[in-house]
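Hi,

Here is the structure I promised to pass on. Have a look at it first, and then read on for what turned up.

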Amino acid sequence: ASDLPRTSEFQCSDKRINQLYSNIIWGQRGNFLSIPTDCPQRDERCGWAGDAQVFARTATYNADVAAFYRKWLTDVRDAQTAEGAVADVSPRVGFNAGAPGWADAITICPWTMYHVYGDRRVLEENYDAMAKWVELCRKNSTDLIRNKNRGNDYGDWLSIKANTPKDLIGTAYFAYSTRLLAQSAEALGKKEDAAKYQQLFRDIQAAFNKKYVEADGRIQSNTQCSYLMALKFGLLSDDLRIKAAHYLTKDILSKNTHLSTGFIGVSYLLPVLTAVGSNDVAHALFLQDNFPSWLFSVKHGATTMWERWDGWTPDRGFQDPGMNSFNHFSLGSCGEWMFASLAGIDTDGPGFRKLIIHPTLGEHLTEANASYRSINGLIATAWKKTENAVHLEVTVPVNTTATVYVPVLPVRRGPGEGGGNAEEPATDPASVTESGRPAGTAAGVKFLRMEKDAAVYAVGSGTYRFVSKKK
C-alpha cells in the first residue's frame with residue numbers, strides 16, 4: 001500500500017462496531033495503492049471516481065491522505081476530456097466519462113481535502129477542471145435539468161429495490177458541484193466567480209424543486225437516495241427540509257429500520273439523519289445486523305468491506321462472481337459518521353483550527369473513545385454513559401479552539417403515567433461539571449447555550465473532563 005500514516009483510533013462498547021472500524025481500515029489499506037482502486041483482487045483494480053468521492057471524508061479520518069488524493073487528482077485532470085467530461089476511472093483505461101456521482105469527484109474530492117487540511121493549493125490546482133465540469137453539466141441540461149449525455153449513468157449503484165431517477169441524480173449532483181465550485185471560488189478570492197456560481201446553484205435549486213419536489217416535501221421516486229441528496233446538497237428550503245426529513249425517516253422505518261440506498265446515497269445517510277434531528281433513527285439503522293446493513297457482513301465474518309450489501313446471504317449464497325468483491329471500501333463511508341457523530345470529532349471550517357466536539361450517544365452504546373491526529377495536532381474524545389451520568393473527556397490541540405457539546409441527561413419530574421418517573425429535557429447547565437467544579441466557572445471554559453440535549457461550551461487547547469449528572 002502507499003505509505004499513508006494512520007491518523008485515528010476508534011473503540012466503543014459494541015465489539016461488532018469495533019470490527020466494522022477494522023474492516024473499514026483494512027479496506028482502505030488494501031486499495032489505496034498509488035490510486036484509490038475499487039478492489040485489489042480481481043481484473044479491475046481501477047481508480048473508480050465514484051468510490052473515491054463517497055469515501056474521501058472517511059479516508060481523511062483514517063490516514064493522512066492529503067498527498068495521496070492530490071496526486072490522484074492529477075490523474076483525474078489528465079483523464080478529463082477537452083470538453084470537460086471527467087472519466088469514470090482515473091487513470092483512464094477505456095471506461096466512459098461524465099457519469100453523475102462519478103465525474104463529480106473533480107469537485108467533491110478537492111473541496112474535501114481543503115476542508116480537512118486547509119491547504120488551498122488543492123483548490124488552485126483543480127479549479128479550472130472543476131469549472132469545466134460544471135460548465136459541461138450546464139451545456140448538457142435543459143432548463144438546468146441534467147437530462148443529456150450522462151455517460152454510463154450508473155444511478156444509485158447497487159441500491160436495494162429503490163430506483164432513483166437518473167436525471168434527478170444528475171441534476172442534484174450538478175447543483176452540488178456548482179455549490180462546491182462557488183465555495184472554492186470564494187476560498188480562492190475569486191469574487192466574481194463565486195457570485196456567478198452561487199447564482200447558478202440557486203437557479204439549479206429552483207429547477208430541481210420545480211421538477212422533482214412536491215409542496216408537501218415528497219420528492220419524486222420517494223427513495224432514500226432522493227431525500228438524502230436533496231438534504232445533503234442544500235436543495236430545499238427550511239420548511240421543505242423538515243417535510244423531506246419526515247419522508248426519509250418514514251421510508252426507513254417502513255422497511256423495518258433498514259437502508260435501501262446504494263453507492264450514491266450511503267455516504268450521506270447517517271450524517272443527514274443526525275443533521276435533521278433523527279439521530280435515534282441513525283443509531284438504530286447503524287446497529288442493524290441483518291440484510292441489508294453494515295453489520296450484516298460483520299455478523300458473517302467479514303474482515304474487509306464488501307462491494308455489495310448481498311455479496312453473500314444465507315438464503316442465496318454468493319452473488320455473481322463476475323462482480324462480487326469482498327474488499328471494496330465504498331460502503332465503509334459510514335466511518336465519517338463514526339468519527340464526526342459517535343466520537344464527536346469534526347472541524348468547523350477548513351483545517352481543524354476550529355473544532356466541533358459533538359458526540360451523539362444513542363441508546364445502545366455505553367461508551368466510546370477515539371483519537372484523530374489532525375493537521376493541527378491530536379484531538380481525542382472519550383465518553384461513558386451510566387444511568388445517572390455522562391462522562392466526557394476531550395483533548396484539544398494547541399493553536400485551536402473547540403465548541404464542545406456536553407450531553408445532558410433528561411430531568412426527572414416525578415411520577416408520570418403508569419407510575420414511572422416522567423422525564424423532560426434539561427434546560428440549564430447546572431448539572432455539568434469540569435474537573436470537579438461547575439463547568440461555567442472552570443478555567444478555559446465558557447458556557448455558550450443549551451441546545452436540545454446538550455450544554456454547549458467554548459474551550460481552548462488542553463484536556464477537559466466534563467461530567468453531566470441526572471438531576
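In what order do the seven strands of the open sheet come? Keep in mind that this is a predicted model. The order is E1-E8-E9-E10-E18-E14-E15, and the pairing is antiparallel. At the edges you'll find strand E1 (8-12) and strand E15 (437-438), each of which pairs on one side only.

Let's walk through part of that sheet. Strand E9 (residues 377-385) and strand E10 (residues 389-396) run antiparallel and are joined by six bridges. If you want a spot to click on, threonine 381 stands opposite valine 394 in E10. On to the next pair: E10 is joined to strand E18 (residues 462-469) by eight bridges, again antiparallel. There, histidine 391 has valine 467 in E18 as its bridge partner. Strand E14 (residues 432-434) also pairs with E18, in the antiparallel sense, over three bridges. Valine 467 turns up here too, since threonine 433 stands opposite valine 467 in E18.The sheet has a helix on it as well. Helix H13 (residues 335-343) lies across E1, strand E8 (367-374) and E9, and runs at about 65 degrees to E1.

Now for a pair of helices. The axes of helix H5 (residues 121-139) and H6 come within 10 Å and cross at roughly 145 degrees. The crossing of H5 and H6 is left-handed. Among the H5 residues that meet H6 are Leu123, Tyr127, Trp133 and Cys137, and the H6 side includes Phe174, Leu180, Leu181 and Ala187.

H6 comes up again in the interior. The largest nonpolar core has 151 residues, and Tyr69, Trp294, Met338 and Phe466 are those with the most contacts inside it. Helix H6 (residues 166-187) gives this core its largest share, 12 residues. Take tryptophan 294 as an example: leaving aside neighbours within four places in sequence, it is in contact with residues including Leu20, Phe286, Met305, Trp309 and Cys334.

That last cysteine brings me to disulfides. How many disulfides does a search of the whole structure find? Zero. Cysteine 334 is in no disulfide, and the nearest cysteine sulfur, that of cysteine 12, is 12 Å away. Cysteine 334 counts as buried, at 3% relative accessibility. For cysteine 39, the closest cysteine sulfur is in cysteine 46, but the two are 8.2 Å apart, too far for a bond. Cysteine 39 is also buried, with a relative accessible area of 0%.

Two more residues are worth a look. Is glutamine 28 buried or exposed? Glutamine 28 lies in helix H1 (residues 15-31) and is buried, with a relative accessible area of 4%. Not counting residues up to four places away in sequence, glutamine 28 touches Phe55, Ala59, Asn62, Ala63, Val65 and Phe329.

Alanine 67, by contrast, is exposed, with a relative accessible area of 59%. Alanine 67 sits in helix H3 (residues 66-79). The C-alpha atom of alanine 67 is 28 Å from that of cysteine 137, which is 70 residues apart from it along the chain. You have already met cysteine 137, as one of the H5 residues that meet H6.

Cheers

Methods:
Residues numbered from 1 in each chain as written. Predicted model: local features only at pLDDT ≥ 70, side-chain atom pairs only at ≥ 80, totals over all residues. Heavy atoms only, no water. Disulfide = S-S within 2.5 Å. Buried < 20%, exposed > 50% of the residue type's maximum accessible area, 1.4 Å probe, protein only. Helix = DSSP H or I, 4+ residues; strand = E, 2+ residues; numbered from the N terminus. Core = buried A, V, L, I, M, F, W, Y, C linked by side-chain atoms within 4.5 Å. Contact = heavy atoms within 4.5 Å. Pairing = 2+ DSSP bridges. Axes fitted to C-alpha atoms, helices over the stretch in contact; angles between N-to-C directions. Left-handed = near helix turned anticlockwise from the far one by under 90°.
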